[in-house]
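Let's take a friendly look at a protein model together. Each label will be set against its definition.

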Amino acid sequence: MTTTETGKTSVAQKRIVLSIDAMGGDHGPATVVAGVAMSAAKNSALHFLIHGPEDVLAPLVSKRPELSERVTICHATDVVTMDDKPSQVLRSGKNTSMWSMLESARSGDAAACVSCGNTGALMAMSIIRLRRIPGVVRPAIAVLWPARSASGFNIMLDVGADIRADAKDLLQYALMGVSYARNGLNLSVPRVGLLNVGTEEHKGRTELKEAHELIEAQQKTAEFNFVGYVEGGDIPGDVADVIVTDGFTGNVALKTGEGTAKLVGDLLRDSYGHSIWSKFAGLLSLGVIKRLKKRVDPRRVNGGVFLGLNGTVVKSHGSADATGVAAAIRLAAQLAQSQFQDKIAARVASVVTLDQDDKNSGTETDA
């Protein structure tokens, strides 16, 4: 660790320790280690606790000179597979790389966790090992969505942590999303929208109308701009920076977006290969296609963040390649460096306090 001339520690040089589950991805530990190596080469402040069988990981790490003295292998014999049920993992998962990864964060040895593993198992295990922030009933998964906004991305939550959400849950999602927008997208006053079937005030379920009132009432205190109801077409738009919804709706939207993006890519590929003239046109537009591909490349924003827990957990896509793993690690490092977890806890606590004050005030009035 280095210091500046004034004697203060340079934030850029602070040692950041990340805990990595090397065994959860579809492409195996070699891909995860490759992503770790890419991250290490770009950020000298990063150090890693990599979890998995030592006999498997040691040869992979030794082949990467950039990881010399920057990786500690934490031996874990078992692996959580994509087919494992969360309930099963909670009963018999203490020797898994995923459990070991979370223990490093729980003990304070690591500032954040990254895993490509089973989402349901990871959320269930994270709740048990890290616990919820006081006042949070349902944690959420937040993702970055390519959008027309100035930052290039919007935040949407929840996208599948829990299929249910009442009005107070949606309020907490909004507040946690605002903190994420400030620390992940550097937006000082994020715009928040509540996903609904229309923007008219009379539309939507009862809990959405209640959530609308709760979120609107908090915008001045929490320093965000509530834009009201938004529709599905606004998710990639420039109306709101944070899109709030329940996990069922969010997950359907996410999977639909991923499927649509793949369909468009396949159709473009087929169209350009239809004839000799279309192939020629494809060559002429190759630069445009590459820029578009880079703009919407899911690997650049790979990583859903678990919000509402006593620890930062970034869930990488299971099929992520080394570039995608590196992107998830970069996000985890950024959030750890900004002390994101403490800021979310403080924001949730402030609302819980206000709610308690209101109840106490009401009790005194009744008396």
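The questions below go from one helix to a few loop residues.

This is a predicted model, in which local features need pLDDT of at least 70 and side-chain atom pairs count only at pLDDT 80 or more, while totals for chains, interfaces and linings use all residues. Residues are numbered from 1 along each chain as its sequence is written, and side-chain values use heavy atoms, with hydrogens and water left out.

Q: Which residues of helix α2 are buried?
A: In α2 (residues 54-62), they are L57, L60 and V61. Buried means under 20% relative accessible area, exposed over 50%, and partly exposed in between (1.4 Å probe, protein chains only). Helices (H or I, at least four residues) and strands (E, at least two) are DSSP runs, numbered from the N terminus.

Q: How do you know that the buried residues of α2 line one face of the helix?
A: Looking down the axis of α2, they fall within an arc of 95 degrees, so they line one face. The arc is that of the directions from the helix axis to the C-beta atoms. On the other side, D55 and S62 are exposed.

Q: Why is Q339 called exposed?
A: Its relative accessibility is 52%, and exposed means over 50%, so Q339 counts as exposed. Q339 lies in the loop between α11 (322-337) and α12 (340-366).

Q: What makes the phi of E223 notable?
A: E223 has a positive phi of about 60 degrees although it is not a glycine. This residue is found in the loop between α7 (206-218) and β8 (225-230).
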